[in-house]
Structure formats: structure tokens, C-alpha cells
Amino acid sequence: MNKKFSRYLGVFCLLFSSYSSAQWVEVTGEAVILESEETARVNALEDAVFQAMKHAGGEIASLSSLKPYLSEPRQQYRFSGNEVRNITILEQKKADGKMYITSRIDIYPSAKSCHKTQYKKGILLGSFSITEPQQAAMGSVYKIGKDFAAILGKQIQKRSQSFIVTGTTTVPFNATDASAMTMLAEDHDAQYLIGGEITDLTATTDGKLKKEQVNRQFAVNLEIMDGKTGEIIYQNNYREIGLWPFSRSSHVDTQSARFWVSPYGQSIQRISQNMMLDIESALSCRASLPEVINIHNNIAQMNVGRVHGVRQGDRLKLWHSAGFIDQKGIPRNRMVETDISLTVDRVYEKSSELIVNQPQLAASIQPGDLLTKQTRP
């Protein structure tokens, strides 16, 4: 099987049924065989479901709730209360060290999915520090934290339904300095700040094989901070183990394609995808909060635009920002609902102009006021 063709085979067959909004997709997922064929099978099946949901417009955030069931070695899976209703395994094969799973997947995409009713939310991406730098000595992979952040950024930009990376920074995130974090987020039009720490890069050898095989750990912590308050709102830990195919004394370029197509590099890419899916699951249904950045007469400008999903004619509701800093110096975000609505008139790449629908109330609008998208009936 042609590798390039198999990678994109997930979109080769999409048929619409004659009832409701149901779709079925026949799709092939793939995964490198690392720990065992059973693990590779689960990974390939997850890849197939992800491709199907992405192509059919389903809510990829719901994939996290399906994962525990996909580990069961079955030929058919049925679900209720999820956009994915049925998965049927059509073919399973191994080739070139990979597992391929071809499945028929029945999907009922919802028109009210969070990513369809909200604008994409901005993320400021920080680098991932290494807890024990000496663990990076093998291969001299001291820059792997920075390069992992870049891979995660690409996952979000290309595959996320609810988020967009508005900037990257090398400034360390500090949850104890909330005011500095909110200023950093404001400078990059980011609603959330994402960073973390790589906690394990150790290697082990498998003496059972004739040729010594080196397996290497990759464990990382993820932290997400609210850009409006500076508070940590989500944390999670991830771990994968992958074959390290490089010489112990070599200097490995963690920006090179050679590293990222290796079994170890692909296991790290899998972590980045799982992170992206968990971010979707945890935060996709939180309201996106564009800000008013300028107001002149009856025209307001906000800090989200075409890349966030803004369209001409969208209607938004205005909220006055009434945040304050408490006695402990912690910013407290507070929004006061108003009777003011606005309609998008012009859309630019990262900003938009809006017409105030109640001109007599336009004088009360100030930069920093927040907006929420109103769903169309």
C-alpha cells in the first residue's frame, strides 16, 4: 500500500444518506507498531475515527469519551449519546511496521456543536521546559521542549476546530503572577495560555533481542491558564515510550524530518494529538470572548476576524467588563450584561468592524468591553 495514499485514505469515501443528517464514512487509520500490535490496533482505530469526525464535521472533542471503549478487541462498536453511532471493522492488516484499520463509521453531526456556534479562541503557546536537563544528553536533544511546542502548535492550527494559535513566547508562565500573565495574554489577543514541562526522557534497553534495542520515554505535563484571570484551569499528564533508533553518541536534530518520522518522534506526535483533543474536550464549549479594541461614533472594532470564523452579518451581544483586583492582588473577571447588540459589517484577517444596532447607546461602549456571539435562529 502506498504510504502517502494510505495516510489520506480517510477521505476517499463519503456518502450522504437520504435521511436526517446522518453520514457514513469508510476510512483507514494507521499507527506505527511500537509496544504491541494490540496498542497499534487501538491507535489506528482512534486515527480512523478522528479522520471520519473531522471530515464529516463532527465534534472531535467527543472522541475522548469513546477512547476507553475502542480498546476492546471487537469487530463492531455501537454508541448512544454521541455523534458517532456505529463503527464496523472491515479490514485489519500489517505492513512496513504499521497497523492499518479500515472501518465504516456512522456519524450524526450536530448543527449545535460548540465549534459551529463559537468563534475560534486564541491561544498563546509557551515552550516546554525540561525538568532534568541531563536526561536530554543522549542525542543532545536539549531543544526538544521548544520543538515539541512547535509540533503542538501545528496540531492546533491544522486540526483543531475551536482554537487558533495567536502567538508563541519564551517567557516562562507563572501562575503566582496573575497580572503578568493577563498582560501577556492581552498582548497576543489570547484567551488561553498553554505551556508545560517535560518530566522524563530516560532510556531503557531490551536485552531479549539479538540486537540491543533502546526504548525512550517521553513524559510531559500540560498546563492551561485563563488569559483573563491568570488562573490555571486545566492540567494533565501524558506519557509514551518509543524506539530510539539513533546512536547514543549522535547529535539528533529535533527539527529534522528524520527525527519526527522515527518511531520515537511519531510517539511524541501522538502525544501532541492527544493534547489537542483533550484541549478541545475541556475548553471547546467555553464561550469565546472577543474584545472591543476601538469605538468611533457608531462603529466598533473587535480583535477577532476571518481566521477565527467571523462572518459578515454575525450578531454579537455586548458585555461591560467590570473586572477588579481583590485584596490579595488576584484579578477577578466580571461581566455585566447590556442591552446592546452589534452586527459585523466588515471582516479582516484578525479583526472586524461592527455596527452598533442601538446608536443611542454607542457612547457607553468602551475598549475592553467583551462580546459574545449570538446564534442565529
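Are Phe259 and Trp260 buried or exposed? Phe259 is buried, and Trp260 is buried as well. The notes below concern a predicted model.

1. Overall make-up. The protein has 377 residues, and 49% of them count as buried. Eight helices and 19 strands are present. Of the contacts between residues at least 6 apart in sequence, 65% join residues at least 24 apart. The accessible surface comes to about 18,800 Å², and carbon and sulfur atoms hold 49% of that surface.

2. The aromatic cluster. Trp244, Phe246, Phe259, Trp260 and Tyr264 make up one aromatic cluster. Within it, Phe259 and Trp260 form an edge-to-face pair, with 4.9 Å between the ring centres and 80 degrees between the planes. Trp244 also has a charged partner: Arg216 lies over the face of its ring, 4.6 Å from the ring centre.

3. Another aromatic pair. The structure holds ten aromatic pairs. One of them joins Tyr69 and Phe79, edge-to-face, at 6.1 Å centre to centre and with 70 degrees between the planes. This pair links distant parts of the chain, ten residues apart: Tyr69 belongs to helix H3 (residues 63–70), while Phe79 is in the loop between strand S3 (76–78) and strand S4 (84–95). The two partners should be described separately for burial. Tyr69 has 43% relative accessibility and so counts as partly exposed. Phe79 has 15%, which is under the 20% limit, and therefore counts as buried.

4. Helix H3. The residues Leu63, Leu66, Lys67 and Leu70 of H3 are buried. Because the buried residues of H3 fall within an arc of 120 degrees when seen down its axis, they line one face of the helix. The elements covering these buried residues include helix H2 (37–56), S3, S4 and helix H8 (263–283). A lysine is thus listed with three leucines among the buried residues of H3.

5. Asn86 in strand S4. Asn86 is found in strand S4. Its relative accessibility is 8%, so Asn86 counts as buried. Which side chains make polar contacts with that of Asn86? One is the side chain of Gln76, at 3.4 Å. Another is the side chain of Thr88, at 3.0 Å. With neighbours within four places in sequence left aside, Asn86 is in contact with Gln76, Tyr77, Arg78, Arg104, Ile105 and Asp106. Gln76 therefore appears both as a polar partner and in this list of contacts, which reaches it because Gln76 is not within four places of Asn86 in sequence.

6. Arg85 and Tyr108. The charged end of Arg85 sits over the ring of Tyr108, at 4.3 Å from the centre of that ring.

7. Backbone points to check by eye. Most residues other than glycine have a negative phi. Asp189 is not a glycine, yet has a positive phi of about 50 degrees. Asp189 is placed in the loop between helix H6 (178–187) and strand S8 (192–200). With a relative accessible area of 39%, Asp189 is partly exposed.

8. A second positive phi. Asn297, also not a glycine, has a positive phi of about 55 degrees. The loop between strand S12 (292–296) and strand S13 (299–302) contains Asn297. At 63% relative accessibility, over the 50% limit, Asn297 counts as exposed.

Definitions and conventions: Residues are numbered from 1 along each chain as its sequence is written. Side-chain values use heavy atoms; hydrogens and water are left out. Rings of Phe, Tyr and Trp (its six-membered ring) pair if their centres lie within 6.5 Å; planes under 30 degrees apart count as stacked, over 60 as edge-to-face and the rest as tilted. Helices (H or I, at least four residues) and strands (E, at least two) are DSSP runs, numbered from the N terminus. Buried means under 20% relative accessible area, exposed over 50%, partly exposed in between (1.4 Å probe, protein chains only). A charge sits over a ring if NZ of Lys or CZ of Arg is within 6 Å of the ring centre and within 35 degrees of the ring normal. Contact means heavy atoms within 4.5 Å. Accessible areas come from the Shrake-Rupley method with a 1.4 Å probe; for residues, only the protein chains shown count as cover. The arc is that of the directions from the helix axis to the C-beta atoms. A polar contact is a pair of N or O atoms within 3.5 Å; within protein, one must be able to donate a hydrogen and the other to accept it, and residues adjacent in sequence count only if both atoms are side-chain atoms.
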